[in-house]
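Work through the exercises below with the model open beside you. Try each task before reading its solution.

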Amino acid sequence: MIVGYLAHAFDLINVRDLDVIGQARAASTRLIVGVLSDEAVELLMGRAPVVPLIERMALVRHMRGVDEVVVQDASGQVTAEVGPGAVLFAVADDPLVFPGEQTRLIVPTRTSVSAILRHALRPNGEQAVA
């Protein structure tokens, strides 16, 4: 059994989020998802989440391929009991890094076509792309 751990904000869930979960699940037989706390989103992305943590966790809990959902803080320490040999996944452009751990990089292949959604999810201070 390959246990995978994926941590991400999952704010305003969209096709990009489904893509990263699908990629993590394809590489593991059990997938634990860490949803970044509200404080972690604000610290790591420079903006408050649009959707509160409790709602983001409920949405992720109901996604196909997700076996367990936990809260992930900004420390980069894995907050779930994943066990030795677990695969830690990191989304290519996310600021969360697991210190001292080997991670498998996930590069999203899909993104929302909604300009409004992409604008809302943009980290504070990031320039808009025309």
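**Exercise 1.** Does R56 count as buried or exposed, and why?

*Solution.* Start with the source. This is a predicted model, in which local features need pLDDT of at least 70, side-chain atom pairs count only at pLDDT 80 or more, and totals for chains, interfaces and linings use all residues. Residues are numbered from 1 along each chain as its sequence is written, and side-chain values use heavy atoms, with hydrogens and water left out.

Next, the cut-offs. Buried means under 20% relative accessible area, exposed over 50%, and partly exposed in between (1.4 Å probe, protein chains only). R56 has 0% relative accessibility, so R56 counts as buried.

**Exercise 2.** Find what surrounds R56.

*Solution.* Look first for a polar contact (a pair of N or O atoms within 3.5 Å; within protein, one must be able to donate a hydrogen and the other to accept it, and residues adjacent in sequence count only if both atoms are side-chain atoms). The side chain of R56 makes one with the side chain of D38, at 2.6 Å. Then list contacts (heavy atoms within 4.5 Å). Leaving aside neighbours within four places in sequence, R56 touches residues including A9, F10, V35, L36 and V41.

**Exercise 3.** Place R56 in its helix and describe the buried residues there.

*Solution.* Helices (H or I, at least four residues) and strands (E, at least two) are DSSP runs, numbered from the N terminus. R56 lies in helix 3. In helix 3, L53, R56, M57 and V60 are buried. Seen down the helix axis, they fall within an arc of 100 degrees (taken from the directions from the axis to the C-beta atoms), so they line one face of helix 3. These buried residues pack against strand 2, helix 2 (38–45) and strand 3 (68–72).

**Exercise 4.** Trace the sheet.

*Solution.* Two strands pair if DSSP finds at least two bridges between them. The open sheet has five strands in the order 3-2-1-4-5, with parallel pairing. Strand 3 and strand 5 (103–106) are the edges; each pairs on one side only. Strand 4 and strand 5 pair over four bridges. F89 stands opposite R104 in strand 5.

**Exercise 5.** Which residues have the most contacts inside the largest nonpolar core?

*Solution.* A nonpolar core is a set of buried Ala, Val, Leu, Ile, Met, Phe, Trp, Tyr and Cys residues joined through side-chain atoms within 4.5 Å. The largest has 18 residues, and L6, F10 and V35 have the most contacts inside it. Helix 1 (15–26), strand 2 (30–36), helix 3 (53–61) and strand 4 (87–91) each supply at least two residues of this core. A second, separate core of 15 residues includes A9, L36, M45 and A80.
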